[in-house]
Amino acid sequence: MTRLLQRWVARAVLSLSIVAATVGASYGQDKVVRIGYQKYGKLVLLKSKGSLEQKLKAAGYTAVWTEFPSGPPLLEALNVGAIDFGNTGEAPPIFAQAAGAPIQYVAYEPAAPKGEAILVPKDSPIKSIAELKGKKIALNKGSNVHYLLVKALEQAGVKYSEIEPVFLAPADARAAFERGAVDAWVIWDPFQAAAEAATGAHTLADGTGIVANYQFYFASKAFLQRDPKIVDLVLAQLSEVDGWAKGDIRAVAEQLAPSIGLSVPVVEVALKRQAYGIKPITDAVIADQQQVADTFFTLGLIPKQIKISDVAWRPGT
């Protein structure tokens, strides 16, 4: 009985130690901001430079970084509370908000319409958007290129219901594109630049005169309410990196190329089609984004109407 009691006490002490260690990890150390990023963009540069960590440390925070293949899964992670901050193109937040995700727009990058395009193989007989009627078109569902496709078809007088969308992630879409399983591919940089260089793909249209192709930065509503100053800090550091990138595109290409797995010249082409500047959300941008939401609702791509201004944050509000 004595030995049983000793073992029980030992287990109890061990359990208490584990609980204490967990509590210590949660409350005795720095707070955490969990940042979702994609393989390409300003957040990748911020992560690699390490300057954010220094600023966060002074504020009692550390950063945890998680990579995502595209915008939709990144915003789903924000929806379920797995990350606190991230960025995507203009379409993913529409689907996320319609699904009830607690997102808040906190900043944007200016329009970059050349940074996404509708591509066809170099020997394709298709020479215009109108000729996509009845064709198979690969795209990442819910991504920024989804809206480009919708608006380009609309301008050409082709209904969205008159094409066959094939929803594929970029790597799978390129494979389908190269083997001729689809007739066209709607894609963004740097995948766009890589396909052009490697396959000689022809651009039917990019976003010029069709869509803005904004990049947006988001925080979860809970994190923003808890500590808006940390969001401001992250945005300030992004602005610094953005300024450096704009001034030395070649150096940025050399830094990004190894991690992306693309050549420096290809990355440089993509970077030159990017927009620069991390800016507060404006009424004009909200209005443009509302058009995206209304278009998707009309097409039945989202289940309900949404109001972008409900989830747009301004510093000091």
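In this predicted model, strands β5 and β8 run antiparallel and are joined by four bridges. Within this pairing, Leu119 has Trp185 of β8 as its bridge partner. Strand β5 also pairs with β9, again in the antiparallel sense and over four bridges, and here Ala117 stands opposite Asp206 of β9. Strands of a sheet pair through backbone hydrogen bonds, and the pairing may be parallel or antiparallel.

The surroundings of β5 are worth a closer look. Five of its five residues are buried, so β5 is largely enclosed by the rest of the structure. Glu116, Ile118 and Val120 point one way from the strand, while Ala117 and Leu119 point the other way. This follows a familiar pattern: in a regular strand, side chains alternate between the two faces of the sheet.

Stepping back to the whole sheet, five strands are arranged in the order β7-β6-β8-β5-β9, giving an open sheet with mixed pairing. The edges are taken by β7 (164-167) and β9 (202-206); each has a single partner strand, so one side of each is left without a neighbour in the sheet. On average, neighbouring strands are turned by 30 degrees against each other, direction ignored. The parallel part of the pairing includes β6 (residues 136-139) and β7, which are joined by four bridges. Leu139 finds its bridge partner in β7 at Phe167.

Two helices can be placed against this sheet. Helix α6 (residues 144-155) packs on the sheet and touches β5 (116-120), β6, β7, β8 (184-188) and β9. The direction of α6 makes about 65 degrees with that of β5. Helix α7 (residues 170-178), in turn, lies across β5, β6 and β8 and runs at about 150 degrees to β8. Buried residues of α7 are Pro170, Ala173, Ala176 and Phe177. Seen down the helix axis, they fall within an arc of 125 degrees, so they line one face of α7. The cover over these buried residues includes β5, β6 and β8, together with α8 (191-199). After α7 comes Gly180, with a positive phi near 80 degrees.

Attention now turns to helix α11. At 1.5 Å a residue, the twelve residues of α11 (residues 249-260) should span 16 Å, and the end C-alpha atoms are indeed 16 Å apart, which agrees. Ile249, Val252, Ala253, Leu256, Ala257 and Ile260 are buried in this helix. These residues cover an arc of only 130 degrees around the axis, which puts them on the same side of α11. Among the elements covering them are α2 (42-49), α10 (228-247) and α12 (264-272). Just after α11, Gly261 takes a positive phi of about 85 degrees.

One residue of α11 that deserves its own mention is Ser259. Is Ser259 buried, exposed or partly exposed? Its relative accessibility is 43%, so Ser259 counts as partly exposed, a class that lies between under 20% for buried and over 50% for exposed. The side chain of Ser259 reaches the backbone oxygen of Leu256 at 2.9 Å, and Leu256 itself is among the buried residues of the helix. Ser259 and Val44 are 215 residues apart in sequence, while their C-alpha atoms are 9.4 Å apart in space.

Terms used: Residues are numbered from 1 along each chain as its sequence is written. This is a predicted model: local features need pLDDT of at least 70, side-chain atom pairs count only at pLDDT 80 or more; totals for chains, interfaces and linings use all residues. Side-chain values use heavy atoms; hydrogens and water are left out. Two strands pair if DSSP finds at least two bridges between them. Axes are lines fitted to C-alpha atoms, for helices over the stretch in contact, and angles run from 0 to 180 degrees between N-to-C directions. Contact means heavy atoms within 4.5 Å. The expected span of a helix is 1.5 Å times one less than its number of residues. Buried means under 20% relative accessible area, exposed over 50%, partly exposed in between (1.4 Å probe, protein chains only). The arc is that of the directions from the helix axis to the C-beta atoms. A polar contact is a pair of N or O atoms within 3.5 Å; within protein, one must be able to donate a hydrogen and the other to accept it, and residues adjacent in sequence count only if both atoms are side-chain atoms.
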